[in-house]
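Could you walk me through how the inside of this protein is put together? A short guided tour, from one side chain outward, would be welcome.

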Amino acid sequence: MTPPPPERRRDLPRRVRFEADMRGVPLPLEGRGGGYARRGKPLLDGALALIASIVLLPVFVAVAIAIKLDDGGPVMFVQPRTGYLGRRFRLFKFRTMVVEAEALKEALRIHNIHAADSPDFKLADDPRITRVGRWLRKSSVDELPNLWNVVRGDMALVGPRPTSFDASTYRMAHLPRLAVRPGLTGLWQVSGRANVDFDERTEMDMRYIRSLSARQDLELIVRTIGAVTKGDGAC
């Protein structure tokens, strides 16, 4: 994909603010005062993510060994993702696909379950997924390294999932989903996941941002545990 012109990248924050204002979506991190979104949420998310990373260290080690034994390739998959106000950051995941997965992507785009021209790319039975990777995806264990992104401040525990494609490819109506930091889980994760298209995801994300609260975050974390247990929408 051709990167957007530098001036368009610099203009993204303004465009996000404008579209969010037009659609009644607040920018919680730019509000006045020291409320939950600006102070409590980042501190709580960072602390919980750090504790979880330490507690889950044996799981990280076991998964790393399993990936290495499976095909001998890299354990981690690091990919640029789109975050707050369209800023790009490096997201960490356990590798679940063959090493040459990105090179094979274009040849498989015609099988995209969201249609060939959709910015979202998902395959119903992706041939690039490894044996270990299939289980990691089904259980969502592949996303556990996202906790490091939460500790670093790139992400939150709950929020819109960050996209691999640049915000310059978003339609204007999609931009308000960038009004908060992206999350490890969110409404999309508990509402069908891969079975939900990007337009529906954006509507869910805007609904989440409009009613952002500690209670909603806690409820979504609890619901995520149930969704992961059932493997609902995993792809």
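Let's start at Tyr170. Leaving aside residues up to four places away in sequence, Tyr170 touches Thr82, Thr163, Phe165, Leu175, Arg177, Leu178 and Phe198 in this predicted model. Tyr170 also belongs to the largest nonpolar core, a group of 37 residues in which Tyr170 and Tyr208 touch the most other members.

Several elements build that core: helices H1 (6-22), H2 (36-55), H6 (146-152), H7 (198-210) and H8 (214-230), along with strands S2 (88-94) and S3 (156-158), each supply at least two residues. H7 gives the most, with five residues. There is also a second, separate core of nine residues, and among its members are Val75, Phe94, Leu136 and Leu144.

Helix H7 deserves a closer look. Its 13 residues reach 18 Å from the first C-alpha to the last, close to the 18 Å expected at 1.5 Å a residue. At the N-terminal end, Asp197 acts as a cap for H7, with a side-chain oxygen 3.3 Å from the backbone nitrogen of Asp199. The buried residues of H7 are Phe198, Arg201, Thr202, Met204, Asp205, Met206, Tyr208 and Ile209, and these pack against H2, S3 and H8.

That brings us to H8, where Thr224 is found. Is Thr224 buried or exposed? Thr224 counts as buried because its relative accessibility is 13%, and the cut-off for buried is under 20%. Beyond residues up to four places away in sequence, Thr224 touches Thr185 and Val190. With Thr185 there is a polar contact as well, side chain to side chain, at 2.6 Å.

Definitions and conventions
Residues are numbered from 1 along each chain as its sequence is written. This is a predicted model: local features need pLDDT of at least 70, side-chain atom pairs count only at pLDDT 80 or more; totals for chains, interfaces and linings use all residues. Side-chain values use heavy atoms; hydrogens and water are left out. A nonpolar core is a set of buried Ala, Val, Leu, Ile, Met, Phe, Trp, Tyr and Cys residues joined through side-chain atoms within 4.5 Å. Buried means under 20% relative accessible area, exposed over 50%, partly exposed in between (1.4 Å probe, protein chains only). Helices (H or I, at least four residues) and strands (E, at least two) are DSSP runs, numbered from the N terminus. Contact means heavy atoms within 4.5 Å. The expected span of a helix is 1.5 Å times one less than its number of residues. A polar contact is a pair of N or O atoms within 3.5 Å; within protein, one must be able to donate a hydrogen and the other to accept it, and residues adjacent in sequence count only if both atoms are side-chain atoms.
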